[in-house]
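Thanks for asking me to look this over. Here are a few notes to help you find your way around, mostly on rings and one helix.

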Amino acid sequence: MVYALSSSYVMYYYQDILGMSAAYVGLILLIARIFDAANDPFMGVVVAKTHSKWGRFRPWIWSGSVLNAFVLYALFAAPDFQGTGLLVYFPVIYILWGVTYTMMDIPFWSMIPAVTDNSKDREHLSVVGRTCAGLGNALITVFTVMLVAKLGSGVERTGFKWVALIVAVLFVIFETVMCLIIKEQPVLKQEGMKTTSVREMFRALFKNDQAMVTVLTIVLIDCALYITSNLIIYFFKYDVSGASWQGNYTLFTMVGGVAQILGMMLLYPLLRKKMGNTDIFRLCLILSMIGYVLILTSSFTGLAHNMLVLCLCGILVFTANGMLTVLTTVFLSNTVDYGEMKTGHRDESVIFSMQTFVVKLASGFAVFLSGVGLDMIGLVGSSDTTGEIVAQSASTLTGLRLLMTILPILGLLAALIVFRRKFILTDEKADEISAQLRARHAEGK
């Protein structure tokens, strides 16, 4: 919920509501992600060196969650600054948001391969974790616009402040419950995560070619996802829905959220009985691209004004994306074993710190492209105080449709090409490596 609120609505909040330049907002988001290139590996080192009576991961998960909750509220409760004040406030608070989010996110996902050495168990853990993440994302995507209108009494700036406060409080509550319940296994303190410096961490990562392939694939897929999540609200507000845009946007995102969760929980397990993970992954990329082509076609033929048609197109994209998020986590967990076989070191923190970094980098790059694109097509934001929706030119609407579909298609196509040519960790290969490592660990005992 926290990440979805930040990644999907920061551009809209600061550009459309507060009136900042879309290109400036996008540039700041990209700079913040580059800053995380240094922050994430250092966090991985800190997690690897942590030994406390509360365990390796929980201290950072809880403290990072509390700090991030405060910063999240500040991000969407910007003071009434004018000119330079707002230009300074936004980058400072957003970089702080990235730092505190990293504090909790790296140790959170690093626990998956550390809990069990069985690839099937990791797959199930990834499904559970990503399904819950998908549910949180869906809640934000579906209900934010309507909640903002309701809680703000028509004033979006006020509404976003209340939504951010609710999400921040829930964040602290849920993470506190998890930290109280989870019991870190003693196995976490064995040879895993012996890295002692940032240089060694990068060396271990670059030696793991399958981790690099997976990371690049995640970047390309997430760029497509975040371009869509940042532009879809403009598509409904200014192109297809008019005064009823909030209801139609909510309906579309609700259908998409349900499709995403069902893709994770039902469709993926069904396909898994008949197909390997790599085959499902390729199928999902193709289905998502087909969905984008259909959305583009419907927008130029007028069919996009029919919500049934638009929702059916969106189901393809969201269902495929739900399964892709599960699969990328599974693949990344398997690369930990692969890296241990290849280098002799088990580097959960470095691998999953890279996941955190590339997801944020992808979102920053996507928002930067979206911001530059919005300025290039000449989109004019609406007045937050009057609620009036500014009419956009025909060329602006055409540019918006192309931005929202063509860029994601190109990203997904590149991901498919990279994956087909470079990824080798099939189910059989992953099981083989896992068995070899278990035998090696048994000999070591």
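Which residue's charged end sits over the ring of Phe300?

1. That would be Arg401: its charged end lies over the Phe300 ring, 5.2 Å from the ring centre. Bear in mind as you look that this is a predicted model.

2. Now for helix α10, which covers residues 277–301. With 25 residues at 1.5 Å a residue, the helix should span 36 Å, and its end C-alpha atoms are indeed 36 Å apart, so the expected and computed spans agree. Go just past α10 and you reach Gly302, which takes a positive phi of about 90 degrees.

3. On to the aromatic rings, where there is plenty to browse: the structure holds 26 aromatic pairs. One of them joins Tyr14 and Phe90, with ring centres 4.4 Å apart and 40 degrees between the planes, a tilted arrangement. This pair links distant parts of the chain, since Tyr14 belongs to helix α1 (residues 2–17) and Phe90 to helix α4 (residues 84–115), 76 residues apart. Tyr14 and Phe90 are both buried.

4. Another pair to look up is Phe419 with Phe423, and this one is stacked: 4.8 Å centre to centre, with 20 degrees between the planes.

5. Are those two rings' residues buried or exposed? Phe419 has 3% relative accessibility, so it counts as buried. Phe423 comes out at 11% relative accessibility and therefore counts as buried too. The cut-off behind both calls is under 20% relative accessible area.

Notes:
Residues are numbered from 1 along each chain as its sequence is written. This is a predicted model: local features need pLDDT of at least 70, side-chain atom pairs count only at pLDDT 80 or more; totals for chains, interfaces and linings use all residues. Side-chain values use heavy atoms; hydrogens and water are left out. Rings of Phe, Tyr and Trp (its six-membered ring) pair if their centres lie within 6.5 Å; planes under 30 degrees apart count as stacked, over 60 as edge-to-face and the rest as tilted. Helices (H or I, at least four residues) and strands (E, at least two) are DSSP runs, numbered from the N terminus. Buried means under 20% relative accessible area, exposed over 50%, partly exposed in between (1.4 Å probe, protein chains only). A charge sits over a ring if NZ of Lys or CZ of Arg is within 6 Å of the ring centre and within 35 degrees of the ring normal. The expected span of a helix is 1.5 Å times one less than its number of residues.
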